[in-house]
Amino acid sequence: QAAAPIVLMFTKRSIMGLAHIILPGVLLKLYREMDEFLHPEDMTYFQAGCISYAVGLAAWLGTNNFATGVACRSGFLFIIPALLGGTFLWAMGNHQLSRVWRFKIKEAHELQDVDVWQ
C-alpha cells in the first residue's frame, strides 16, 4: 500500500500521485491565466497543455505497463516535462516565448485593472 495523500491505482504498477495530478493541475491553471492575458492565436495555452498532459500521461502509462524491468514510476520524468515542453514549443510558435517565460499572475491582474483611457 502507498502512504500518500492522493493516490489513484490503475494497475498494481500504475499509481498516480502528486506529479500526476496536483502539479499538472497547477500548471494548467497557470496556462488558463496566461490565456486571459496573452490572447494566443489559434489554440490556447490551456489546450496545448491538455494535449501535452495526455502525451506525457500516455508515455508514463506505456512505460510503467509495457516496459519490463523499469522501476521508474515518476510522473516527474514524463508528465511535467511534457507539459512544460509542449507549452514552450507552442509559445515559440506564437512568438511569445519571452512573454510566457516572464509571465507573473499578480502583474497580469494588476495590468488588467489599469484603465488605459485615463
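At what angle do the axes of helix 1 (residues 22-38) and helix 3 (residues 79-93) cross? Keep that in mind while you set up the view.

**Stop 1: the whole chain**

This is a predicted model. Show it as a cartoon. Look for five helices and two strands. Trace the chain from its start and the order is β-β-α-α-α-α-α.

Now switch on the surface. The accessible area comes to about 7900 Å², and 65% of it belongs to carbon and sulfur atoms. Of the 118 residues, 31% count as buried. Among contacts between residues at least 6 apart in sequence, 63% join residues at least 24 apart.

**Stop 2: helix 1 against helix 3**

Select residues 22-38 and residues 79-93. Here is the answer to the opening question: the two axes cross at roughly 15° and come within 10 Å. Angles under 35 degrees count as roughly parallel, so helix 1 runs roughly parallel to helix 3. The crossing of this pair is left-handed.

Show side chains at the contact. On helix 1, pick L23, P24, L27, L28, Y31 and M34; on helix 3, pick I79, I80, L83, L84 and T87. Colour this set by class: ten residues are nonpolar, one is polar and none is charged.

**Stop 3: helix 1 against helix 2**

Keep helix 1 and add helix 2, residues 45-66. The axes of helix 1 and helix 2 come within 7 Å and cross at roughly 155°. Angles over 145 degrees count as roughly antiparallel, so helix 1 is roughly antiparallel to helix 2.

Select P24, L28, Y31, R32, M34, D35 and L38 on helix 1; they meet Y45, F46, G49, C50 and Y53 of helix 2. How many charged residues does this contact of helix 1 with helix 2 have? Two, alongside nine nonpolar residues and one polar residue.

**Stop 4: the loop between helix 1 and helix 2**

Move to the loop that joins these two helices. Select H39, which sits in this loop. H39 has a positive phi of about 50°, although it is not a glycine. Is H39 buried or exposed? H39 counts as exposed because its relative accessibility is 59%.

Next select D42, in the loop between helix 1 and helix 2. The phi of D42 is also positive, near 60°, and D42 is a residue other than glycine. D42 has 76% relative accessibility, so it counts as exposed.

**Stop 5: helix 2 against helix 3**

Hide helix 1. Helix 2 and helix 3 pack at an angle of about 145°, with their axes 8 Å apart. Their crossing is right-handed.

Bring up the side chains again. From helix 2, take Y45, A48, G49, S52, Y53, G56, L57 and W60; they meet I79, A82, L83, G86, T87, W90 and A91 of helix 3. By class, this contact has ten nonpolar residues, five polar residues and no charged residues.

Three residues from this contact deserve a selection of their own: S52, W60 and A91.

**Stop 6: S52**

Centre on S52, in helix 2. Its relative accessibility is 8%, so S52 counts as buried. Which residues does S52 touch, not counting those up to four places away in sequence? They are A82, L83, G86 and T87.

**Stop 7: W60**

Stay on helix 2 and select W60. The relative accessible area of W60 is 0%, so it is buried. Then measure from W60 to G75. These residues are 15 apart along the chain, and their C-alpha atoms are separated by 6.7 Å.

**Stop 8: A91**

Finish on helix 3 with A91. A91 counts as buried, because its relative accessibility is 0%. Which residues does A91 touch, leaving aside those up to four places away in sequence? Highlight Y45, Q96, L97 and V100. Y45 is already familiar: it belongs to the helix 2 side of the contact with helix 3.

One last distance: add P40 to the view. P40 and A91 are 51 residues apart in sequence, yet 8.5 Å apart in space, C-alpha to C-alpha.

Note on methods:
Residues are numbered from 1 along each chain as its sequence is written. This is a predicted model: local features need pLDDT of at least 70, side-chain atom pairs count only at pLDDT 80 or more; totals for chains, interfaces and linings use all residues. Side-chain values use heavy atoms; hydrogens and water are left out. Axes are lines fitted to C-alpha atoms, for helices over the stretch in contact, and angles run from 0 to 180 degrees between N-to-C directions. Helices (H or I, at least four residues) and strands (E, at least two) are DSSP runs, numbered from the N terminus. Angles under 35 degrees count as roughly parallel, over 145 as roughly antiparallel, 65 to 115 as roughly perpendicular and the rest as oblique. A crossing is left-handed if the near helix is turned anticlockwise from the far one by less than a right angle, and right-handed if clockwise. Contact means heavy atoms within 4.5 Å. Ala, Val, Leu, Ile, Met, Phe, Trp, Tyr, Cys and Pro count as nonpolar, Asp, Glu, Lys and Arg as charged, and the others, Gly among them, as polar. Buried means under 20% relative accessible area, exposed over 50%, partly exposed in between (1.4 Å probe, protein chains only). Accessible areas come from the Shrake-Rupley method with a 1.4 Å probe; for residues, only the protein chains shown count as cover.
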